[in-house]
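This report is meant for a reader who is meeting the structure for the first time. It takes up a helix, then a pocket, then two loop residues, and ends with a word on confidence.

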Amino acid sequence: MEKKNIDHALKIYEGLIENQPEVKRKGKRLPYTSLKGNMFSFISKDGHIGLRFSEEDVEKYINLYGFTEFIQNDRVMVDYVKIPDEFLENELLVEFFNECCQHAKTIEPRPKTKNREK
């Protein structure tokens, strides 16, 4: 993917985040969002947006819109779909991101790591 396309996808991704006041962008080089210690969206180094949904919603989006599971480093990212480039300009993307945020709120918090005494 060309640099300008990455910048375009990043601008759209940041716009999605701005519409969710409780969500903050994290990550300098690889932007992502998380709630309660769980990542739920990100933009890959090649400019693809990944959104996390329930297992049922992943299947729904694959069947309805032809999305694919997100594969990164030769591994399927469980519960993530890769948003196709043609959906970057689609008004449904805002709904997808909002649904992704709502799903993130239902995920159990990740346990905090304990400081080990030496």
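In this predicted model, helix α3 covers residues 92-106, and because each of its 15 residues should add 1.5 Å, a span of 21 Å is expected, which agrees with the 22 Å between its end C-alpha atoms. The buried residues of α3 are L93, F96, F97, C100, C101, H103 and A104. Around the helix axis they cover an arc of only 165 degrees, so they lie on the same side of α3.

The largest pocket holds about 180 Å³ of space, and its lining is made up of L30, S44, K45, D46, H48, F70, I71, Q72, N73 and K82. Strand β4 (residues 68-72) gives the largest share of that lining, with 3 residues, while by class the lining has 3 nonpolar, 4 polar and 3 charged residues.

Most residues other than glycine have a negative phi. Two loop residues with a positive phi are set out below.

| Residue | Phi | Loop | Relative accessible area |
|---|---|---|---|
| K36 | near 55 degrees | between β1 (32-35) and β2 (38-43) | 38% |
| N73 | about 55 degrees | between β4 and β5 (75-83) | 67% |

With these areas, K36 counts as partly exposed, whereas N73 is exposed, and N73 also appears among the residues that line the largest pocket.

As for confidence, the protein averages a pLDDT of 91, and 91% of the residues score at least 70. The mean is lowest in helix α1 (residues 3-18), at 87, and highest in strand β3 (residues 49-52), at 98.

Conventions
Residues numbered from 1 in each chain as written. Predicted model: local features only at pLDDT ≥ 70, side-chain atom pairs only at ≥ 80, totals over all residues. Heavy atoms only, no water. pLDDT = per-residue confidence, 0-100. Helix = DSSP H or I, 4+ residues; strand = E, 2+ residues; numbered from the N terminus. Expected span 1.5 Å × (residues − 1). Buried < 20%, exposed > 50% of the residue type's maximum accessible area, 1.4 Å probe, protein only. Arc of directions from axis to C-beta. 1 Å grid on protein atoms, 1.4 Å probe; cavity = no way out; pocket = protein on both sides within 12 Å on 5 of 7 lines; lining within 4 Å. Points joined across faces, edges and corners; volume = space filled by probe spheres on them. Nonpolar A, V, L, I, M, F, W, Y, C, P; charged D, E, K, R; others polar.
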